[in-house]
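Hi everyone, thanks for making time for this. Let me put the sequence and structure up on the screen, and then I'll walk you through the cysteines and the sheet.

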Amino acid sequence: MAIVLLVSAFALFTFFSNLRSPTSAFILEEGAINVRHSSCLLNEDKYTACVTIVWDAPQNFYSKVYISGGESLSDTPKFYAHEFTYCQDLDKKLGNRVANIYLHDENGRWVKFIKGYKIDCS
């Protein structure tokens with residue numbers, strides 16, 4: 001009887017453990033993120049680089065942006081709006097800047113990203 005109970009418990013555990021939440025590979029198919037517009041304007045002694053982002057994913061996801069020469073990704077705000085503009089003050093160095101845009105799930109995992117989007121600061 002104990003063996004039957006043990007086998008039954010193992011079978012139930014195996015069945016329910018296969019019903020876990022989707023993996024990040026599955027989530028990767030769900031979201032979309034795009035840059036709608038970017039700009040870089042000279043303001044006296046610095047540039048202000050901006051990107052307008054649109055994304056489509058569940059409401060509890062969020063997006064973050066890192067622009068080279070600006071604050072670190074960990075210091076940038078989380079954006080829960082599905083369309084937003086993020087601006088960052090940069091030094092007066094001429095040339096291209098790069099924006100990396102990340103879409104995170106509710107657990108903070110990256111599920112989509114745009115790497116190396118060029119912003120012209122000249």
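**Disulfides and the sheet they touch**

Counting the bonded cysteines along the chain, the disulfides of this protein follow the pattern 1-4, 2-3. Please keep in mind that this is a predicted model. Searching the whole structure turns up two disulfides.

Let's take Cys-40 and Cys-121, whose sulfur atoms sit 1.9 Å apart in a disulfide. Cys-40 belongs to strand S1 and Cys-121 to strand S6 (residues 110–121), so this pair ties together parts that are 81 residues apart in sequence. The torsion about their S-S bond is about 100°, so the disulfide is right-handed. And are these two cysteines buried or exposed? Both Cys-40 and Cys-121 are buried.

Now to Cys-50 and Cys-87, where the sulfur atoms are 2.0 Å apart. This disulfide links distant parts of the chain, with Cys-50 in strand S2 and Cys-87 in strand S4, 37 residues apart. With a torsion of about 110°, it is right-handed. Cys-50 is buried, at 14% relative accessible area, whereas Cys-87 is partly exposed, at 37%.

That brings us to the sheet. It is open, with three strands in the order S1-S2-S4 and antiparallel pairing. S1 (32–43) and S4 are at the edges with a single partner strand each, so one side of each has no neighbour in the sheet. From one strand to the next, the twist averages 20°. Eleven bridges join S1 to S2, and eight join S2 to S4.

Finally, have a look at S4 (residues 83–90): its covered face includes Phe-84 and Tyr-86, while Cys-87 is among the residues on the uncovered one.

Notes. Residues numbered from 1 in each chain as written. Predicted model: local features only at pLDDT ≥ 70, side-chain atom pairs only at ≥ 80, totals over all residues. Heavy atoms only, no water. Buried < 20%, exposed > 50% of the residue type's maximum accessible area, 1.4 Å probe, protein only. Helix = DSSP H or I, 4+ residues; strand = E, 2+ residues; numbered from the N terminus. Pairing = 2+ DSSP bridges. Axes fitted to C-alpha atoms, helices over the stretch in contact; angles between N-to-C directions. Disulfide = S-S within 2.5 Å.
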